[in-house]
Amino acid sequence: MKTLLLLSAIGFCWAQYSPHTEAGRTSMVHLFEWRWVDIALECERYLAPNGYGGVQVSPPNENIVVTSPFRPWWERYQPISYKLCTRSGNEDEFKDMVTRCNNVGVRIYVDAVINHMCGSGAGSGTSSTCGSYFNAENREFPEVPYSAWDFNDGKCKTGSGGIESYNDAYQVKDCRLVSLLDLALEKEYVRSKIAEYMNRLIGIGVAGFRLDAAKHMWPGDIKAILDKLNNLNTNWFPEGSKPFIYQEVIDLGSEPFKSNEYFGNGRVTEFKYGTKLGTVIRKWSGEKMAYLKNWGEPWSFVPSDRALVFVDNHDNQRGHGAGGASILTFWDARLYKMAVGFMLAHPYGFTRVMSSYRWPRYFEDGSDINDWVGPPNDNGVIKEVTINPDTTCGNDWVCEHRWRQIRNMVIFRNVVDGQDFTNWWDNGSNQVAFGRGNRGFIVFNNDDWSLSSTLQTGLPGGTYCDVISGDKINGSCTGIKIYVGNDGYAYFSISNSAEDPFIAIHADSKL
């Protein structure tokens, strides 16, 4: 009996670190600013058949409507209420999406904006996605309801009421982030209203939450809210399952608070991952791919079982939100595919693939506008995600998750799940290779000269399809074939001018 109690306690403690993906599915995708009807379709037609485990969706709660600049993406991060109606769709469409995605084994993770409401200068009226009245100046949000009592105005000690120094943890957590009205999360009433919102989503069937701006909340306040959350919906999850929690904690090592303060609540977003991987792949600051041999915790990352990792996200692909110029995005497609390929092949962390939309990078006068432009739209109405005959997306949706190289590396990660990091090889520069037990092997050439080497793959002998240059279809390869000898060795040749200068093979790509 004691053993059973101990095991159930351990399971309870670990629950918030598990994404609750179906067996054999090991990655999620962020379908940034997609409509609920399009996500439901994508779960059924593409994500489930290609082994994606879950989707991070944009905040589903009512937000302010911003018309200057015209409908920016960041209006989604300025709540007005916890009603479920946004540009992405209404409550019925949200429920339908969650049900349909769960029914094909693809989990939904909600981007939960619980640190604040809209900006202090947002005025008053009904310019919100459900038409709810609010008065930012008076701190009135009657649809929650919140009043002036529910905000941190009296607790913040800066003259402006906003964060003036990121070296002061009290300012970072008790003052306004870029003028956003900071909720008093130590108050039982505020905690209960947030938990009520999250429990509604859990009842609908969501599997977990990204906690936006988590470093701007005290870990104890987050825990108090999480302690109020219900178990997941037993229509899709085992009885007693707790929601998956991953917290947006931007910790690049220079501020007076650390990611590990948040481990008790769930995983954290490891922002150093994309920053440092981008620097290595770009070969900046003398970095080389050979140095990736000990990638992971030795690079001062959080422990793997506490990490949510990504090459880029919706913030830093626009040049802000941590990471700087080293961050790789779809604009740098060749290098980006290598970085995402490395992330998905390497065992560290739980991986999130970014799926973006294009934005005009410059006005005609040359001024940079890439930090605010909203999703593809017709007069503010989000455009449908259309699918081209070659399975890529139209209507200015980038859909990196549909790129053959990235989709096939998601499958690679599923195939090698649980296998050790093995058979590392490098040339002392930017040609590297490694295996995952006897299930997969990947080779990169990021040097300015060709790679030509015979390497130990650890795989059984046979002919394998490279899943980067093509697919295995009807028992043959549409791309490069790799011949592995009975001793596990194989010859690899990768030109430095190849469109995709890497090769990946795995157990399921064997002919």
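The pLDDT is the predictor's confidence in each residue, on a scale from 0 to 100. The structure is a predicted model, for which local features were required to have a pLDDT of at least 70 and side-chain atom pairs were counted only at pLDDT 80 or more, while totals for chains, interfaces and linings use all residues. Residues are numbered from 1 along each chain as its sequence is written, and side-chain values use heavy atoms, with hydrogens and water left out.

The chain averages a pLDDT of 95, and 95% of the residues score at least 70. Among the elements, which are DSSP runs numbered from the N terminus (helices, H or I, at least four residues; strands, E, at least two), strand β17 (residues 440-445) has the highest mean pLDDT, 99, and helix α1 (residues 2-14) the lowest, 41. Over residues 1-13 the pLDDT stays under 50, and for this stretch the model has one contact (heavy atoms within 4.5 Å) beyond four places in sequence. Where pLDDT is low, the predicted coordinates should not be read in detail.

The largest nonpolar core, a set of buried Ala, Val, Leu, Ile, Met, Phe, Trp, Tyr and Cys residues joined through side-chain atoms within 4.5 Å, has 128 residues, and those with the most contacts inside it are I39, F94 and F209. Here buried means under 20% relative accessible area, exposed over 50%, and partly exposed in between, with a 1.4 Å probe and protein chains only. When its neighbours within four places in sequence are left aside, I39 is in contact with L31, W34, V55, V57, M97, C101 and I108. Apart from this core lies another, of 14 residues, among them L459, Y464, V484 and I505.

A search of the whole structure finds five disulfides, each a pair of cysteine sulfur atoms within 2.5 Å. One of them is formed by C156 and C175, with sulfur atoms 2.0 Å apart, and its S-S torsion is about 95 degrees, so the disulfide is right-handed. C156 lies in the loop between β6 (134-135) and α4 (169-174) and C175 in the loop between α4 and β7 (180-182), so the pair ties together parts that are 19 residues apart in sequence. A disulfide also joins C393 to C399 (S to S 2.1 Å); the torsion about its S-S bond is about -95 degrees, so it is left-handed. Both C393 and C399 are buried.
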